[in-house]
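Work through the exercises below with the sequence and the model side by side. Try each task before you read its solution.

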Amino acid sequence: MAGRGAGRHPGRRAADRQPDASSEWLHPATWFLQMLGLFFLVGGYTAAQGLRRAREKGETDAHWVRRRLWRIGRPVAAAAVILAVALPVLSLFGLGAGTARTTVVLFLQPLWFMGVYAVITALTPYALKLDRIGGLRVVLAFAGAVAVVDLLRFGPAAEPAAVGYLSVLPAWFFAYQLGMAWSAGRVGRRVAAGLLAGGLATFVVLLAVLDYPVSIVSVPGSVRSNSNPPSLMVPALAAIQAGAALLLRARIERLLRRPRVWAAVTVLNLSAMSVFCWHQVALVGVSEAARRLGTLPGLGDAPIDGGWVAARLAWYPVLGLALAGLVVLVRRFENPAPAPIEPRRDRAARV
């Protein structure tokens, strides 16, 4: 297999690594490709709606949280088990150790996000209560907490880098709590416009005045990072994305009314976790198969210019087909049979 010769051709693994300092021209693209702010926004909205409906049906908060976490965790656990079995078997048929290691690393890297999302999901009943008490003030408080942590990290009396991890929950809770406020009808066009303007202003100040890194994702070799741990750039970008999406909501809803678009969105929604778990595996699989033909533009070479971007985009249909094939095989793990609803024994126990 091609993986055995990877050591002789180190450049061939460029397509499987995160962008580094040598590809600084690509860093602004992360502003548009990193869409986790919208994910947490929609997650908060749907969680609030779902928990309210569950309470109306008599389901306890604890049971709703367990059911929600099971739905999130089941596809991840299934993917981990499948890879743990498949990679040793494939190694018997010639899969190189380097390719197996790359597959494991790229599978594990995004899972930090699932851990954060699981913790925030478990706190949904409390987030809903905070929204009832403080509304949008709670959202601003989370952004303020991240700003305080950044001051400790990057200010004149800089604290140890580990202090930055205090921002993990408030940085990602910002968009989730905003989704809660949206579900309660607190986010109209005026608030959306304020989010967009405030997020843009903060973003510009952080970049142009305070010299924050340009890339939203971590860059190997960089001293500072906007994502590990998250900086104020994370809620600022989330505010921009949320504000723009909410202002364009009417147009987006009209687009979704088209049967073909709605069908595609529905299929993706039903398989969202499977797509998340397996998209990097699909990339490695296609890259490994393509390496048999040599170093191909956009797949096995380093991102050095615009030609690489065009070549990479040309590979997307192939990558999409490979991912679709994997999802068809594993999506059964995404929709477990619904568990019976636990009757609410104590109304006062509800948060």
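The exercises that follow concern a predicted model, and each task is followed by a solution in steps.

**Exercise 1. The chain as a whole**

Find how many helices and how many strands the chain has, and state what share of its residues count as buried.

Solution. Begin with the secondary structure, which comes to 14 helices and zero strands. Next turn to burial: of the 351 residues of the chain, 44% count as buried. Finally, look at the contacts with a sequence separation of 6 or more, of which 80% are accounted for by residues 24 or more positions apart.

**Exercise 2. The largest nonpolar core**

Determine which residues of the largest nonpolar core touch the most other members, and which helix gives the most to this core.

Solution. As a starting point, recall that in soluble globular proteins nonpolar side chains tend to be buried together. In this model the largest nonpolar core holds 64 residues, and those that touch the most other members are F40, M114, W172, Y176, C277 and W278. The helix that gives the most to this core is helix 8, residues 168-183, with eleven residues. Apart from this core lies another one, of six residues, including L283, A290, W315 and L319. To see the surroundings of one core member, take W172 and leave aside its neighbours within four places in sequence: W172 is then in contact with Q34, L36, G37, F40, W112, V116, I120, P230 and V234.

**Exercise 3. Helix 5 against helix 8**

Describe how helix 5 and helix 8 are placed relative to each other, and name the residues that make their contact.

Solution. Two packed helices are described by the angle between their axes and the distance between the axes. For helix 5, residues 111-122, and helix 8, the axes come within 10 Å and cross at roughly 70°. Because angles of 65 to 115 degrees count as roughly perpendicular, helix 5 is roughly perpendicular to helix 8. The crossing in which helix 5 passes helix 8 is right-handed. On the side of helix 5 the contact is made by W112, V116, Y117, V119, I120 and T121, and on the side of helix 8 by V168, L169, W172, F173 and Y176. Sorted by class, this contact of helix 5 with helix 8 has ten nonpolar residues, one polar residue and no charged residues.

**Exercise 4. Helix 2 against helix 6**

Work out the arrangement of helix 2 and helix 6, and then examine the residues A47 and D131.

Solution. Helix 2, residues 36-56, and helix 6, residues 124-134, pack at an angle of about 100°, with their axes 10 Å apart. Helix 2 and helix 6 are therefore roughly perpendicular to each other. Where they meet, helix 2 brings A47, A48, L51, R52 and R55, while helix 6 brings T124, P125, L128 and R132. The contact of helix 2 with helix 6 has five nonpolar, one polar and three charged residues.

Now consider A47, which is in helix 2 and counts as buried because its relative accessibility is 0%. Leaving aside neighbours within four places in sequence, A47 is in contact with W64, R68, T124, Y176 and M180. A47 and Y176 are 129 residues apart in sequence, yet 9.1 Å apart in space from C-alpha to C-alpha.

Turn last to D131, which lies in helix 6 and counts as buried at 2% relative accessibility. Not counting residues up to four places away in sequence, D131 touches Q177, M180, A181, A184 and R186.

**Exercise 5. Two backbone details in one loop**

Locate P229 and D211 in the chain, and state what the backbone does at each place.

Solution. Keep in mind that most residues other than glycine have a negative phi, and that most peptide bonds are trans. P229 is found in the loop between helix 9, residues 189-209, and helix 10, residues 233-247. The peptide bond that joins N228 and P229 is cis, with omega about 0°. D211 also lies in the loop between helix 9 and helix 10, and D211 has a positive phi of about 60° although it is not a glycine. To decide whether D211 is buried or exposed, use its relative accessibility of 57%, at which D211 counts as exposed.

Notes. Residues numbered from 1 in each chain as written. Heavy atoms only, no water. Core = buried A, V, L, I, M, F, W, Y, C linked by side-chain atoms within 4.5 Å. Buried < 20%, exposed > 50% of the residue type's maximum accessible area, 1.4 Å probe, protein only. Helix = DSSP H or I, 4+ residues; strand = E, 2+ residues; numbered from the N terminus. Contact = heavy atoms within 4.5 Å. Axes fitted to C-alpha atoms, helices over the stretch in contact; angles between N-to-C directions. Parallel < 35°, antiparallel > 145°, perpendicular 65-115°, else oblique. Left-handed = near helix turned anticlockwise from the far one by under 90°. Nonpolar A, V, L, I, M, F, W, Y, C, P; charged D, E, K, R; others polar.
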